[in-house]
Amino acid sequence: MKFTSVLALSLASVAYADFSVLFKTQAGDFTVEVHEDWAPIGAARFKQLIEDKFFDNSAFFRYVPNFVVQWGIAAEPSVNNKYGNITDDPINPKVSNIAGTMAYAMDEDPNTRTTQVYVNFANNSRLDPKGFTPFAMVTSGLDVLQNKVYSGYGQDPDQDKIYAEGEAYLKREFPLLTHITSATFVHPNC
Ligand SMILES: *[C@@H]1O[C@H](CO)[C@@H](O)[C@H](O)[C@H]1NC(C)=O
Ligand SMILES: *[C@@H]1O[C@H](CO)[C@@H](O)[C@H](O)[C@H]1NC(C)=O
């Protein structure tokens, strides 16, 4: 009996390696639940980014109504250089880019995921076969992303300029952008 419960516990810890992250932003808070089994490589990179406080003080620089909100270029340009591209996760038929799911932005070419992520506002399942495999799901505060994050600049902020100049560029030309204050692991027992 005792042996069985120990075994069950260790199996459970392998099967449920999910973790949650609380994003505090200037517009309110939201929480995402990361599913390592959906996209293990993407999930591992995300864990590293949270440990490194990568997202702190960075901006939601792309907002496309009824499509996505996107972020994940570091506030300080030199920080981005520490993160190389990650290998693509396999397309996972069990997950789809439905509203509230989160995946990495990338180029058309393989293995071009880095640190930029987006959250889907609608059923964007047409992205699934292109390899945008979701690794997380918003579990609270989707309304903050959809309706409270500043959306007025749309897709105007130039990503190359954000990489080159960071906050200096955004503060100068897009002063109203919403920023992330912190992104931290949610520990279930505290
Ligand atoms: C890494 O990804 C970026 C886009 O996310 C791309 O511009 C760049 O060419 C990629 N680098 C390599 C070595 O594939
Ligand atoms: C999303 O759209 C696809 C394609 O139209 C459809 O097959 C799927 O059932 C939709 N999923 C949800 C959750 O609405």
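A polar side-chain atom of N123 lies 2.3 Å from an oxygen atom of ligand 2, and S125 also places a polar side-chain atom 3.4 Å from an oxygen atom of this ligand. Both distances fall under the heading of polar contacts, a term for a pair of N or O atoms within 3.5 Å, where within protein one atom must be able to donate a hydrogen and the other to accept it, and where residues adjacent in sequence count only if both atoms are side-chain atoms. The residues that surround ligand 2 are I98, N123 and S125, a residue being counted as near a molecule or strand if one of its heavy atoms lies within 4 Å of it. Taken alone, ligand 2 exposes 360 Å², and the protein buries 26% of that; such accessible areas come from the Shrake-Rupley method with a 1.4 Å probe, and for residues only the protein chains shown count as cover.

The model is predicted, and local features need pLDDT of at least 70, while side-chain atom pairs count only at pLDDT 80 or more and totals for chains, interfaces and linings use all residues. Residues are numbered from 1 along each chain as its sequence is written, chains are lettered from A and ligands numbered from 1 in the order in which they are written, and side-chain values use heavy atoms, with hydrogens and water left out.

Ligand 1 has its own surroundings, made up of N85, D107, T112 and T114. An N or O atom in the side chain of N85 is 2.6 Å from an oxygen atom of ligand 1, and a polar side-chain atom of D107 lies 3.2 Å from an oxygen atom of the ligand. T112 takes part through its backbone, where an N or O atom lies 2.6 Å from an oxygen atom of ligand 1. On its own ligand 1 has 360 Å² of accessible area, of which the protein covers 42%. Sorted by class, the shell around ligand 1 holds no nonpolar, three polar and one charged residues, where Ala, Val, Leu, Ile, Met, Phe, Trp, Tyr, Cys and Pro count as nonpolar, Asp, Glu, Lys and Arg as charged, and the others, Gly among them, as polar.

I98, one of the residues around ligand 2, also leads to T101, whose side chain reaches the backbone oxygen of I98 at 2.6 Å. The side chain of T101 makes a further polar contact, at 2.9 Å, with the side chain of N120. T101 has its place in strand β5, residues 101-104, strands (E, at least two residues) and helices (H or I, at least four) being DSSP runs numbered from the N terminus. With a relative accessible area of 2%, T101 is buried, a word that means under 20% relative accessible area, as against over 50% for exposed and partly exposed in between, with a 1.4 Å probe and protein chains only.

The pairing of strands can be followed from β1 to β2, which run antiparallel and are joined by seven bridges; two strands pair if DSSP finds at least two bridges between them. These two strands form a hairpin with two residues between them, and T25 has G28 in β2 as its bridge partner. Strand β2 is also joined to β7 (residues 136-140) by four bridges, again in an antiparallel arrangement, and here the bridge partner of V34 is A136. A136 is buried, at a relative accessible area of 0%, and its C-alpha atom is separated by 7.0 Å from that of A103, although the two residues are 33 residues apart along the chain.

Aromatic rings offer another route through the structure, in which a search finds 18 aromatic pairs. Rings of Phe, Tyr and Trp (its six-membered ring) pair if their centres lie within 6.5 Å, and planes under 30 degrees apart count as stacked, over 60 as edge-to-face and the rest as tilted. The rings of F23 and F55 have their centres 5.7 Å apart and their planes at 55°, so this pair is tilted. Because F23 lies in strand β1 (residues 19-25) and F55 in the loop between α2 (40-51) and β3 (60-64), the pair ties together parts that are 32 residues apart in sequence. F23 is buried at 0% relative accessible area, and F55 counts as buried at 1%. F30 and F60 form a tilted pair as well, 6.4 Å centre to centre with 55° between the planes. This pair links F30 in strand β2 (residues 28-34) with F60 in strand β3, distant parts of the chain 30 residues apart. Ring pairs link these residues into a cluster that includes F23, F30, F55, F60, W71 and Y104.
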